[in-house]
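User: Please walk me through this structure. I want to learn how to read its features one at a time.

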Amino acid sequence: MTDKPIATVARTNEILRRYDLFARKSYGQNFIVEPGIVEKIARLCRADETTAVIEIGPGIGALTEQLARIAHQVVAFEIDQRLLEVLAETLSPYSNVEIVNQDFLQADLEGWVQKLKQNNDQVVLCANLPYYITTPILFSIFESRAEIPVITVMVQKEVADRFAAQVSTKDYNALSVIVQYLYEVRVVMKVPRTIFNPRPEVDSAVVQFEKRIPERIAADQQQFFSLVKGCFKQRRKTLLNNVREYLQDREKAVRAIEGAGLDLSARAETLTLDQFLDLYEQICQLHAESCEKP
């Protein structure tokens, strides 16, 4: 057993050679070969000796190793069976790590969090997410009832920019509104493509989602999210056109938009979160029978 971190170029290459491994594109695998990066991500994730960390896609264990050094417990979901033997070896010094051979999207996240909270003060999530499935993974976390106050993930830079985008910018979209309703979002670190093996075609960024208590709460969260997506359905169309299509009723669309104090010719990317909530509440008034009261 070597003292070198897993994320060093020499150690990563030695592990890949010994196990005759190659990164699988189908699983979006890119191995980090810069120990300073994984150490910093682990420090940023808000874990300590009273915390359990859930990781998705540990690969050969580079980030897992650093999480295990600072957290009380680490549970890592790895879909690739080839890596189980590798992880058993690379993480053998850490008795506080559990590897679960399962597709994270099939996992009972709420059940895992409840289980981990029996022996830990809190549960956070930290991962280098596969690019091809970033959004489905994050939305499975966002839409679950699992109590995870802080989520820290490395994603494609352009995806991070959308999550954190401000109103009236090119990156601002339905994803931005929905995520910012649920979380305080910050890009906490930029990561160049040069620190990966194999090297991806794009740069990455570490984005952090911290659970927020909304000042205003939609009566039906899923219905609110559906409206937001509807408003952005055809980005170049006016708010009136998109809301009319969403409601399948032009007159109600006009009444809702004007009732919210919005311009019929506005576009969705110019609306703040509060304005989307204003619009949602106006639609609720028009459909009182289908909207529960907060």
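Analyst: Start with naming. Helices are DSSP runs of H or I with at least four residues, strands are E runs of at least two, and both are numbered from the N terminus. Keep in mind that this is a predicted model.

User: Take one helix, then. Which residues of α10 are buried?

Analyst: Buried means under 20% relative accessible area. Helix α10 spans residues 239–247, and its buried residues are L239, L240, N242, V243 and L247. Seen down the helix axis, these buried residues fall within an arc of 165 degrees, so they line one face of α10.

User: What do the buried residues of α10 pack against?

Analyst: Three helices: α9 (221–231), α11 (250–259) and α12 (273–286). Look just past the end of α10 too. Q248 follows α10, and its phi is positive, near 55 degrees.

User: Now the sheet. In what order do the strands run?

Analyst: The general idea comes before the case. Strands of a sheet pair through backbone hydrogen bonds, in either a parallel or an antiparallel way. Here 7 strands form an open sheet with mixed pairing, in the order β4-β3-β2-β5-β6-β9-β7. The edges are β4 (97–100) and β7 (183–191), each of which pairs on one side only. On average, neighbouring strands are turned by 20 degrees against each other, direction ignored.

User: How do β2 and β3 pair, parallel or antiparallel?

Analyst: Parallel. Strand β2 (residues 51–56) and strand β3 (residues 73–77) share 5 bridges. Within that pairing, V53 stands opposite V74 of β3.

User: Which strands does helix α2 touch?

Analyst: Helix α2 (residues 35–44) packs on the sheet and touches β5 (122–128), β6 (150–156), β7 and β9 (204–211). The direction of α2 makes about 165 degrees with that of β7. Compare helix α8 (residues 174–182). Helix α8 lies across β7 and β9, at about 115 degrees to β7.

User: Which residues touch the most other members of the largest nonpolar core?

Analyst: That core has 71 residues, and the best-connected members are I141, I151, V153, F209, F276 and L279. Follow F209 as an example. Beyond four places in sequence, F209 touches L138, F142, P149, V150, I151, V153, F163, V179, Y183, E184 and V185. A second, separate core holds 37 residues, including L16, I60, A71 and V74.

User: L87 next. Is the residue buried or exposed?

Analyst: Buried. L87 has a relative accessible area of 2%, and its place is in helix α4. Not counting residues up to four places away, L87 touches P58, G59, I60, G61, E78, S92 and I99. For a C-alpha check, L87 and A62 are 9.7 Å apart in space and 25 residues apart in sequence.

User: How many salt bridges does a search of the whole structure find?

Analyst: The search finds 15. Read each one by distance, then by where the partners sit. R18 pairs with E89, with the closest N and O atoms 2.5 Å apart. R18 sits in helix α1 (residues 9–18) and E89 in helix α4 (residues 82–90), so this bridge links distant parts of the chain, 71 residues apart. R18 is partly exposed, at 42% relative accessible area.

User: And a bridge inside one helix: what separates D161 and K157?

Analyst: About one helical turn, because the two are 4 residues apart in helix α7 (residues 157–163). Their closest N and O atoms are 2.9 Å apart. D161 is partly exposed at 23%, and K157 is partly exposed at 30%.

User: Which residues are linked in a network of salt bridges?

Analyst: R216, D274, D278 and E281. Within it, the side chains of D274 and R216 meet at 3.3 Å, N to O. D274 is in helix α12 and R216 in the loop between β9 and α9, 58 residues apart. D274 is partly exposed at 42% relative accessibility, and R216 is partly exposed at 23%.

User: One loop residue to finish. Where is T272 found?

Analyst: In the loop between α11 and α12. T272 is partly exposed, with 31% relative accessible area. Leaving aside neighbours within four places, T272 is in contact with V167 and Y172. The C-alpha atoms of T272 and S168 are separated by 8.8 Å, although the two residues are 104 apart along the chain.

Definitions and conventions. Residues numbered from 1 in each chain as written. Predicted model: local features only at pLDDT ≥ 70, side-chain atom pairs only at ≥ 80, totals over all residues. Heavy atoms only, no water. Buried < 20%, exposed > 50% of the residue type's maximum accessible area, 1.4 Å probe, protein only. Arc of directions from axis to C-beta. Contact = heavy atoms within 4.5 Å. Pairing = 2+ DSSP bridges. Axes fitted to C-alpha atoms, helices over the stretch in contact; angles between N-to-C directions. Core = buried A, V, L, I, M, F, W, Y, C linked by side-chain atoms within 4.5 Å. Salt bridge = Lys/Arg side-chain N within 4 Å of Asp/Glu carboxyl O.
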